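Work through the following exercises with the sequence and the coordinates at hand, and attempt each task before turning to its solution.

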Amino acid sequence: MVIGRRAFLGGVVASGAMLATGAGIANPAGVRAAGKTTVTRYPLYLPPPIGLASSLTAAPSTVDLGGGNLSKAWAYNGFMPGPTFRARSGDTAQVVLRNQLSEETITHWHGMVVDHPNDGHPIYAIPPGGTYQYSFPIQQRAALNWYHPHPHMLTGKQVALGLAGAFIINDAEEDGLGLPGGGYEVPLIVRDASLDSLGNLQYKPRSGGFLGDTVLVNGTRDPYLEVDTALYRFRVLGGANARIFGLALSSGAPFTLIGNDGGLLASAAQITRIDIAPGERVDLLVDFRGMPVGTRVMLRDLRSGWNLLEFRVARQMNVSATVPTTLSTITPLGSSVRTRTFSFDGMSKINGLEYDVNRIDFEVPFGDTELWRFATNGNAPHPVHVHGASFQVVSRTGGRNRLFPWESGWKDTVLLEDRETVEILIRFGGYSGEYLLHCHKLEHEDMGMMSNFVVV
Ligand SMILES: [Cu+2]
């Protein structure tokens, strides 16, 4: 068993809070949030950085979710979330995955355009004790991507138990904008979790999608973050198995939305609510300038009514920062040469077929722009994710019947709610080879709502 540095430090720092919260471990966060009882909050955890030439070990571990109690989890290198990779366009990643779990695993680099052997396809799952050598160049624009397990029928369990981490790419275009950096750029991995009576992470799958009763931000229960009177950049990942979050600030102030799955948007948008489904990312600026020290602002989830993260304005600072209005150039993919339709059927099928790891369902010519139409045939929401390329969302009909500002620019995951049809434009210009299309509600994925295709 590996005890991460975080577990050790957390145990020392936060031991005084244990008595106050010992009974609260198994309480549903929704109950706590709705009541008037005082919630003991814990410092938001920030995963450590990791180099691009590193070993990544998936293993049972113990982590401190806040308050000093150690919870059993599965973690990368003993950390939950796993360590944060940070790369620049042009770098090369050389990562050795080591499997110290009791079952097979493989790691997928969600949002990264890599070739088939580096994509974490389930056929490459390694047994307990096995290793897998990844080697891939980073040839894409700045974005918050992430990594998580992708073994067939085990992804939901392994992610729910703690295996996920951030992979941030920076580039010169982004540098030129003078966006908040250093301590003012904070990744936020938002997920729900289920804890047993001892406070250990547990996985209780249900076919409609795992829903936990405790929210974790960067693996911290009831977190707070002390902030300066400054502009902050929050890199938010929807890291739940199935839960969709409706992000908003308790102050009613808007977020400044600057990016999403595939990096910067063309221009910034002021928006008070953002829905983020499993696998989706949003890049948000939040301005604490001008707020008196002592001010508290809550990041909330309007769907469940949960409090996600409390910002505590703690220090008066004079940090110059401007909110750029023009961010990047998004070149439209243009007209498509063919259309494909994918029906997400029930909880386990695409176009009537359950996943077969050895079956190739369709071929896509390299470099062609195609229009893909995603429709539901019940049991939505389905966050639809494509490996191997980013795409542009062009329309949504039925259901919410519109597109949202966080769906502009480049995406790799798009939310399909009940009765919705979503059309995207996609072009595979990175590599030929085998990739995956699947529902990112991990229980649907594990039950077979996934398809192999080949870029030829
Ligand atoms: Cu689904």
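A residue counts as buried when its relative accessible area is under 20%. The model used throughout is a predicted one.

**Exercise 1.** Identify the protein donors of the copper ion, and determine whether His 444 is buried or exposed.

*Solution.* Begin with the atoms around the metal: His 382 through ND1, Cys 439 through SG and His 444 through ND1 are the protein donors, lying 2.0 to 2.1 Å from the copper ion. Next, read their spacing along the sequence, which follows the pattern H-x56-C-x4-H. The two histidines link distant parts of the chain, since His 382 belongs to strand 29 (residues 382-386) and His 444 to helix 6 (residues 442-447), 62 residues apart. Finally, apply the cut-off: His 444 has a relative accessibility of 0% and therefore counts as buried, and His 382, with a relative accessible area of 0%, is buried as well.

**Exercise 2.** Establish the strand order of the five-stranded open sheet and find its edge strands.

*Solution.* The strands follow the order 26-25-28-32-30, with mixed pairing. Strand 26 (349-350) and strand 30 (391-397) each pair on one side only, and these are the edge strands. At the strand 26 edge, two bridges join this strand to strand 25 (residues 338-345) in an antiparallel arrangement, and Asp 345 has Lys 349 as its bridge partner in strand 26.

**Exercise 3.** Describe the largest nonpolar core.

*Solution.* This core has 44 residues, and Phe 234, Leu 247 and Phe 311 have the most contacts inside it. Strand 24 (residues 306-315) gives the most to the core, with five residues. Apart from it lies another core, of 39 residues, including Phe 85 and Ala 160.

Methods. Residues are numbered from 1 along each chain as its sequence is written. This is a predicted model: local features need pLDDT of at least 70, side-chain atom pairs count only at pLDDT 80 or more; totals for chains, interfaces and linings use all residues. Side-chain values use heavy atoms; hydrogens and water are left out. Donors are N, O and S atoms within 2.8 Å of the metal (3.2 Å for Na, K and Ca); water is not among the atoms, so sites may look incomplete. Helices (H or I, at least four residues) and strands (E, at least two) are DSSP runs, numbered from the N terminus. Buried means under 20% relative accessible area, exposed over 50%, partly exposed in between (1.4 Å probe, protein chains only). Two strands pair if DSSP finds at least two bridges between them. A nonpolar core is a set of buried Ala, Val, Leu, Ile, Met, Phe, Trp, Tyr and Cys residues joined through side-chain atoms within 4.5 Å.
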